[in-house]
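Here's a quick tour of a two-chain model, starting where the chains meet and moving on to a sheet. Have the structure open as you read.

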Number of protein chains: 2
Amino acid sequence: MVISQQIREFRKSSSWIRKMFESGIELKRKYGVDKVCDFSLGNPDLMPPDEFQYFLEEESRKTGPFLHGYMPNAGYVETREAVAESLRKEIGVDFTRDDVVMTCGAAGAMNVVLKSILNPGESVVILSPYFVEYKFYVLNHNGKIVVSETDERFLPDIADLESRIDGNTRAVIMNTPNNPTGRAYDEAILKQVGELLREKSKKYGKPIFLISDEPYRKIVFSDSKYFAPVKFYENTVIVTSFSKDLSIPGERIGYIAVNPVMENKEELIDACIFCNRILGFINAPALMQRVIRNVIEFSVDVEVYEKRRNLLFESLKDMGYDIVKPEGTFYMFPRSPIDDDVEFSKVLREELVLVTPGVGFGRAGYFRISFCVDEKVIKKSLERFERAIRKIR
Amino acid sequence: MVISQQIREFRKSSSWIRKMFESGIELKRKYGVDKVCDFSLGNPDLMPPDEFQYFLEEESRKTGPFLHGYMPNAGYVETREAVAESLRKEIGVDFTRDDVVMTCGAAGAMNVVLKSILNPGESVVILSPYFVEYKFYVLNHNGKIVVSETDERFLPDIADLESRIDGNTRAVIMNTPNNPTGRAYDEAILKQVGELLREKSKKYGKPIFLISDEPYRKIVFSDSKYFAPVKFYENTVIVTSFSKDLSIPGERIGYIAVNPVMENKEELIDACIFCNRILGFINAPALMQRVIRNVIEFSVDVEVYEKRRNLLFESLKDMGYDIVKPEGTFYMFPRSPIDDDVEFSKVLREELVLVTPGVGFGRAGYFRISFCVDEKVIKKSLERFERAIRKIR
């Protein structure tokens with residue numbers, strides 16, 4: 001009884017993912033890294049933009065007392081101002097620096113927001129297929145997970161969502177563009193979600209928060225358009241990071257931005273700053289805060305991801321895979337040609353192709369391809385994907 | 001009801017600290033920053049060592065894919081190896097890299113360890129006067145706080161500590177050198193603590209962990225000696241950071257190190273790596289991990305802090321203040337010349353001297369002086385401290 005019961009159960013229930021991960025490592029060891037096409041990881045392979053590199057070196061050269069010291073728990077005023085300004089320009093919502101709290105990535109931001117708002121046993125609705133970590137984040141703060149299935153096109157099913165919300169609901173987590181599906185929600189659906197949550201908040205006499213997880217906001221392809229959830233619902237809290245648009249996920253830098261028109265927003269922001277402190281984050285890393293305020297409008301070359309999406313999507317479709325076309329991110333979520341997605345992942349693994357079964361995202365019968373890999377890897381994988389689908393037909 | 005009940009209560013109960021903090025800001029605004037002697041903050045004022053600056057610039061210049069990307073949640077192998085090696089040299093305990101998990105500072109480390117081990121309602125013993133954040137950290141993970149008073153010299157009172165431990169006890173948090181008292185525990189007391197916890201673990205048939213919070217380990221003065229708690233008790237988990245020895249608290253880099261001789265340590269380490277992930281830390285900031293592995297044996301010039309301690313300690317003692325001589329850190333914890341430490345802090349504030357009342361550390365009747373301020377500030381403050389003690393006598 002060295003560790004807590006909860007953590008022990010978590011570890012047991014996720015042991016199949018670990019086994020899969022380990023068998024992938026084993027595969028690479030056996031056949032060589034170059035032989036294996038690994039589409040299972042979400043670690044952006046593009047280099048950070050040159051501007052990031054430039055300002056990283058510039059900020060690193062600066063010396064003086066307190067340059068690496070504590071700052072207010074919300075972050076540097078200048079960085080929060082830069083974030084607010086970028087949101088004003090990008091989204092067209094009138095954020096000020098006081099609406100922004102700098103965090104250790106989006107995962108840190110999400111935990112801070114949940115800690116700030118959740119009373120024990122209150123529920124948080126997540127949309128399936130979902131980023132599996134949401135479950136842990138909600139449970140960390142004694143919340144209850146309620147799952148709403150999205151429709152066949154992976155868009156929120158308003159009727160289902162409505163049926164999941166009751167007097168015990170504290171928040172809905174939404175993620176557009178979406179991991180694992182790559183869908184970017186359109187204006188119409190966001191409007192409906194906003195209306196539903198507004199109505200339910202009124203009915204239950206308390207705000208039901210929309211926590212909008214937006215790390216892929218800038219990774220939207222040219223044939224699609226990004227709509228910001230915050231424009232459609234007053235009780236929206238943005239949690240996001242620079243991990244994907246600057247390719248710096250290891251640096252743990254992101255932020256919370258509270259809709260400036262939210263009622264009593266000061267209380268929520270104060271709570272987030274406080275929880276940033278007591279959860280042990282204290283503040284977002286100092287140097288990265290100084291760097292990103294200079295490069296906030298830059299991002300990696302999204303065209304690279306788009307080209308990969310085109311190649312993969314068109315090729316797999318031609319082979320007979322059933323796929324909803326991703327509009328952003330570096331993921332796609334094809335239907336498994338056989339019902340059992342874990343089984344089909346094994347078929348792919350025999351071809352030295354690693355993917356993640358949909359059951360890991362709460363949607364069996366699908367699998368996730370993460371295409372933050374070189375185009376060469378994608379090209380190499382194509383005949384393997386083809387053999388796999390032929391094999392089971 | 002925008003935020004949770006718990007957070008609302010936390011905010012209410014700590015509002016007096018905020019008011020004090022704000023009145024300090026007000027004071028500086030009114031009289032000028034230079035006129036106020038601020039001993040209330042724990043933000044190290046010394047510059048990071050030159051070696052840190054050198055390797056920061058060197059590591060920042062490096063370019064390549066994944067240099068700022070995700071790495072295993074435990075941290076870079078090379079960094080963990082460097083930490084293990086430094087512990088072997090410094091403490092003489094046979095740590096390997098597998099015993100080390102890199103974290104977002106000591107506060108992150110502490111939350112990760114508590115999340116890993118605490119079942120709901122289990123208690124954690126903290127020693128008063130204590131670092132007030134411990135309370136939040138334990139409550140974050142549904143633990144219960146039990147306070148054991150240290151003795152008149154601020155050393156653990158073994159009889160009292162024994163009386164606080166029962167079948168519900170999961171861990172004891174210890175902090176040497178100590179914030180707020182500056183005491184560095186000697187060999188004899190650590191031995192007694194180790195024996196007590198060993199006996200209690202045996203009695204209750206489960207490990208009672210000693211969580212050793214060691215961010216001031218390298219800030220020990222020349223007339224004293226540091227003893228490492230991990231050498232005296234097998235179920236010791238070190239949580240610490242580079243915040244104080246490298247003067248980089250804003251960068252959020254620290255680690256967990258589990259005693260290599262602990263039984264079933266693999267399970268605890270695995271849980272810590274997992275909790276580092278699910279609490280939203282994910283991993284310690286990448287660049288800082290790459291920097292600190294080069295400078296792990298360096299530290300700020302401790303002599304500067306020692307000189308300040310000497311000046312303050314000798315001067316205040318001569319004025320009639322009753323102080324236990326600090327052996328490390330940059331804190332001292334004099335007895336308030338009147339019983340009411342909040343009242344005496346106000347007397348000092350009238351002299352434009354800011355300190356923190358002992359009640360904020362769970363020990364009324366004392367106050368904390370944080371001397372991470374320039375010697376000039378200390379010199380300027382002396383006649384003010386003298387006037388204050390005369391005023392109330």
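## Ground rules

A salt bridge here is a side-chain nitrogen of Lys or Arg within 4 Å of a carboxyl oxygen of Asp or Glu. This is a predicted model, where local features need pLDDT of at least 70 and side-chain atom pairs count only at pLDDT 80 or more, while totals for chains, interfaces and linings use all residues. Residues are numbered from 1 along each chain as its sequence is written, chains are lettered from A and ligands numbered from 1 in the order in which they are written, and side-chain values use heavy atoms, with hydrogens and water left out.

## Where the chains meet

Chain B and chain A each put 77 residues into the contact (heavy atoms within 4.5 Å). Together they bury about 6,200 Å², with 55% of that on carbon and sulfur atoms; buried area is the accessible area (1.4 Å probe) that two parts lose on being put together, summed over both. On the chain B side, Val2(B), His68(B) and Tyr70(B) supply 12% of the area buried against chain A, more than any other three residues.

As for charges, the rule finds 6 salt bridges across the interface. In a salt bridge, the side chains of Glu267(B) and Arg8(A) come together at 2.7 Å, N to O. The helices α1 (5–13), α3 (50–61), α5 (105–117), α6 (133–140), α9 (265–278) and α10 (286–295) of chain B each bring at least two residues to the side that touches chain A; helices (H or I, at least four residues) and strands (E, at least two) are DSSP runs, numbered from the N terminus. The largest share, 8 residues, comes from α9(B).

## The sheet in chain A

Chain A has an open sheet of 7 strands with mixed pairing, in the order β2-β8-β7-β6-β5-β3-β4; two strands pair if DSSP finds at least two bridges between them. β2 (100–103) and β4 (144–149) of chain A sit at the edges with a single partner strand each, so one side of each has no neighbour in the sheet.

Further in, β7 (236–241) and β8 (254–258) of chain A pair in the antiparallel sense over 5 bridges, and Val239(A) stands opposite Ile256(A) in β8(A). Helix α9 (265–278) of chain A packs on the sheet, touching β2, β6, β7 and β8 of chain A, and its direction makes about 15° with that of β2(A). For such angles, axes are lines fitted to C-alpha atoms, for helices over the stretch in contact, and angles run from 0 to 180 degrees between N-to-C directions.
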